[in-house]
Each structure stands twice: as structure tokens, then as C-alpha cells.
There are 2 protein chains.
Amino acid sequence: MNTGNNSSDAEGMKIPLQANPPVAKVCPHNVNISCASCRLNELCLPIALSKSEVHQLDEIVERNRPYKKGDHLYRQSDEFKSVYAVRSGSFKSYVLSDNGQGRVTGFFLPGEIIGMDGISSKKYANSTSALEHSSICEIPFVQLERLSHQLPNLQHHFFAIMGNEIAKDQQIHTLLSSYTAEERTASFLLGLSSRYARVSLSPTRFLLPMTRSDIGEYLGLTVETMSRIFTALQRKGLIAVNNREVELLDIEALRAIVTAS
Amino acid sequence: MNTGNNSSDAEGMKIPLQANPPVAKVCPHNVNISCASCRLNELCLPIALSKSEVHQLDEIVERNRPYKKGDHLYRQSDEFKSVYAVRSGSFKSYVLSDNGQGRVTGFFLPGEIIGMDGISSKKYANSTSALEHSSICEIPFVQLERLSHQLPNLQHHFFAIMGNEIAKDQQIHTLLSSYTAEERTASFLLGLSSRYARVSLSPTRFLLPMTRSDIGEYLGLTVETMSRIFTALQRKGLIAVNNREVELLDIEALRAIVTAS
DNA sequence: TGTCCTTATTGATATAGATTAAGTTTACTT
DNA sequence: AAGTAAACTTAATCTATATCAATAAGGACA
């Protein structure tokens, strides 16, 4: 309780109330959906599992109540217990530097897995919080390991998920160590685009769930630079931005910017 | 053939010759050492395995002939087949940007695992080459998976190794996105220091196996800046550098530089 | 509906590190 | 041992992005 000044603490007092009832936003935040019937089962953990295997996975997955904007999944140096799959909404991971200001280390969209940085040290290396009203599947890691041992497909797939995370992190390493502000931004937007495409959302029009400041921290740039680059890309006719709404007008040109470096 | 101007290509022509016979440099590069008797078995894959389990691991490990400086373990977009454990010497991973210049994505010292970035896409995402005369244990991934399925300890440990890689990559993300040149350099030296300590080498005096340029590419800085920072740290009395030889004179002060940010 | 607070934009200026340019030292090669 | 190439250092200058400063526009809440 001492760590927290987040809204979930307040919420903690009315545990059984299922929080905001007016979340009748249809299915996306629905708590009682099984892996088998989840629309993300083609990209989340169930991929490559048979029907009966998915059923076994289902049994260890905990479907918590939805998270409100700013609620924390876990905090830096909390004991590692679970990995999480985003069902709907989005999250950011960040660390706080000693001088107090945060640095965003990742964004997570539906179907993506959160928390693997805690596996080896048994403590989470960052804090992660919801960027908007979101829902999550929690997968206790001990049980995931046990089940992976029984299901070679699951073991194989989880190795692949982790390997993918490693490959992605290395791309970001390259991005941060040698790309200009404009190249980083273009690459970031294209990355979001294909991640939205994966979940059958428009790859050319989407809402940014995070602030300019979040993006800046992630890309190693200041908010002011982010803002300037966004307007510059807009002037060039490559994107249209209106507050959190982004439209990619010329994907090829954006790609050319990234490839140039 | 068009990509290559490295010594391993030349070597490729005399395949069966076992390369340099005068490698009688005693044990470190000795090819015929088992996991059970390897001095790295406390930090490499065998950790946490029982005697008989180590024996099973032994059977799938391929101990290739030593690699000469510049020889490649694999190249970017080669088919992923194995992960590699460094037995002696050191390696660097790098990607080439379209304009031709490389960007180093990692350095690997004895006991560390190379190649996990290829697991998900089935292709290596980078090239990796030896920085000096080095030896390697190759672990065919299909067999590692099969054995992990049989040995829960091994599965657990490999998850941990991958999780550790992810956590490390995120630290570098933070480093690159918000640290100054001096902070990055101090952090890099301290990192090397503790990695050498892990393999029972001096944490305060060591030889850098890589060039200034390699370090610069890794830290997102130019060679010139690297050189300047090294001399600056030396003037301040925090380190002593003589070509590739480094001595850390004031670890606490180096830590203070890193923590400041 | 208005007030407050957070987020975003834009401009002016400062600066860390890149770039350019030599020059020097180290280390291969023959 | 000499000759050449690679690696490293140092200095002068330039530039991309940070910093500082001010304003504007949303969005949450009373």
C-alpha cells in the first residue's frame, strides 16, 4: 500500500463491485471470454495449440477485472509472479531514473505479452500501467512453466515469443544508437501501424494511446522534438495528425525515411 | 561471396584442414572438454542441472574448432539453427545499415549465450564474429528444445537466460535514450567489469577485446567521442587506459557517474 | 459552464556530440 | 626490418536536438 498513489488503490476498496459498470462497451473488455473463443487467439499464447491444449491453457489464465487508465499491473522490483497478455486497450512499461523522471521502455497492444523482463531476477525490472481502460489475461508463470513442460507446442511458442522480444529490443538498440529524430519517429509510426494491422485494425488510421511525452521518452527525444517532427512530417504530407489521431498518408515515403539511414 | 571480405571465406577453401594447428595454447581453447568438467559450468547452460542431466546436455553440444579473429559464427539472415555458448575469447554481434556501416548490437564473453534473436523468425537478425581467437559450444536448437522438454530444470534455466537477455536489452534502451556519453561509457566499463568478475577474472584490470569504434557503435557514439571520454575519465583519475588495457581506479566514482542521470 | 491542470505547439537560444581534418601509434605483411 | 594499413588521439568547427520560455488547446471535475 505504501507504494501506491494510483487509482487502483482507491478501487481496491470496492473489490467485488466490478468497478465501472458503464463499461457495457460490448465485448472488448468482457472478463469472461475463454482463450478458445478470444478473437486474439491467433496471435497470443494459444497460437499453435490444439483445441484440448487451449483448454488446458484456459484453466491457468486469470482474467482480472479491467484496468483503468493509470492503474498498475505491477511496479518496479515487485516480486515476479506472472506474465500478462493484453486483451484490450494498451499499456506502457517504464523505469524511473534517480532524478525522478521516467523513461518509457515499451508499449503493449492487444495480443502482446508483458512482464518477461522479470523471469530471471524474480523481480520486475520496470513498472507497467494502463494507458487507457484495458483488460488483461494474467498467466502465473510457475503454472505456465509447468504446462509448457507438458505441451511441447507451448514451450516452443513461448521460446519464440521471448526470442521475438529479444530481436525487437535489438532493433530498438540500433534505432536509438544511429537514427535521427525523424527516422525514429517514422519507424515508430510504421511499427504501430503493423501492430494494429495484426489485430485487424486500420494500419493507416489509428489513435495514439500514449502522450507525446511517452513517445519521446521511448525514442530518446524530448516532447518538443516529438511535436516538431510530427508537424514536419505533416507539412511534408506524409502523415495527418490531429491530437491523438494519426493517419499515415504515404507509407512508402515513411519507409524511405527509415531505410535511408 | 559478394558480402564477404573476411578471413573465414578464405578459410572456407581449405575446409578439412582444421585451420591453425599451432593452437596448442593449453586448455582455454581446448576442443574436447565436457560440460561436466568445463570451468564455466556454473554460469553457462549446465547451471542447476544434475550430473546425469549435464551428461545429456553434453551429448547434444557440438564443440567446433576454434574461431580466428574476424571469423563468423553466422551472418545476418542465415537460417537459424543453433544457439552458441562462448567457451573462451569473445564475439560481437552487429547489423549493417543500408549505407553500409555497421552497428554493434552486443558483445559476448565466456559463459554467455549467442543467437537467441533468431529463435522466432528462424533467421538470425544479426551477424556475429569473433573479436579474438575464441572457442564456442554450438547447441542445435531443435535438440535443446527436445531436451528442455525432458528436463524441467533446463527449460526453467533457458527461460531465465532469455528473460535475462530481455532485461539487459531494456537497460540498454534506457541507457541509449537518456544517458550522456560519459554516463554510457562509465556504465559500459562497469558492465564489463562485473562480467569479467563472473568468470573469475579481475574486475578492475582487463583487456578490451573490441575496438573503440566497436564500443562507439554499441553505445551510439563516434570513435572520436569514445576517445575523448576515455582520456577525460583518465584525467579525472577514474581509469587508466593504455591502448586496449583498462584499469578501473575508482569504481565508486564510476558508479556515481552512472547513477547521477 | 467555467476553472484547473495536463498535454501539445511554437520559437529563441544553448550545447553535447558529430563532423572534418590531421597526425600518431600500433600491428600486420612480406 | 621496412612498409602499409588499421586503430587511436587531438583539435577546430558545425549541427541536430535539448533547453528555456511562452502560449494554446483539451479534458476532467466542481
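**Exercise 1. Which residues have the most contacts inside the largest nonpolar core, and how many residues does this core have?**

Solution. The model is predicted, so that local features need pLDDT of at least 70 and side-chain atom pairs count only at pLDDT 80 or more, while totals for chains, interfaces and linings use all residues; side-chain values use heavy atoms, with hydrogens and water left out. Residues are numbered from 1 along each chain as its sequence is written, and chains are lettered from A in the order in which they are written.

Step 1 recalls the term: a nonpolar core is a set of buried Ala, Val, Leu, Ile, Met, Phe, Trp, Tyr and Cys residues joined through side-chain atoms within 4.5 Å, where buried means under 20% relative accessible area with a 1.4 Å probe, protein chains only.

Step 2 gives the result: the largest core has 74 residues, and A:Leu45, A:Phe158, B:Leu45 and B:Phe158 have the most contacts inside it.

Step 3 looks around one of them: leaving aside neighbours within four places in sequence, A:Leu45 is in contact (heavy atoms within 4.5 Å) with residues including A:Leu57, A:Ile113, A:His157 and A:Phe158. A second, separate core of 70 residues includes A:Leu176 as well as B:Tyr94, B:Val246 and B:Ile257.

**Exercise 2. Describe the interface of chain A and chain B.**

Solution. Step 1 counts residues: 43 of chain A are in contact with 43 of chain B.

Step 2 turns to area, meaning the accessible area (1.4 Å probe) that two parts lose on being put together, summed over both: about 3,800 Å² is buried between the chains, and carbon and sulfur atoms give 60% of this.

Step 3 treats polar pairing, for which N or O atoms must lie within 3.5 Å, one able to donate a hydrogen and the other to accept it, and residues adjacent in sequence count only if both atoms are side-chain atoms: the rule finds 9 residue pairs in polar contact across the interface, both residues at pLDDT 80 or more.

Step 4 assigns elements, which are DSSP runs (helices H or I, at least four residues; strands E, at least two) numbered from the N terminus: S5 (102-108), H3 (141-150), H4 (152-178) and H6 (212-219) of chain A each supply at least two residues of the side that touches chain B, and H4(A) gives the largest share, 20 residues.

**Exercise 3. Is B:Ser177 buried or exposed, and which residues does it touch?**

Solution. B:Ser177, which lies in helix H4 (residues 152-178) of chain B, is buried because its relative accessible area is 7%. Not counting residues up to four places away in sequence, B:Ser177 touches A:Arg103, A:Leu176, A:Glu217, A:Tyr218 and A:Gly220.

How values were computed
Buried means under 20% relative accessible area, exposed over 50%, partly exposed in between (1.4 Å probe, protein chains only).
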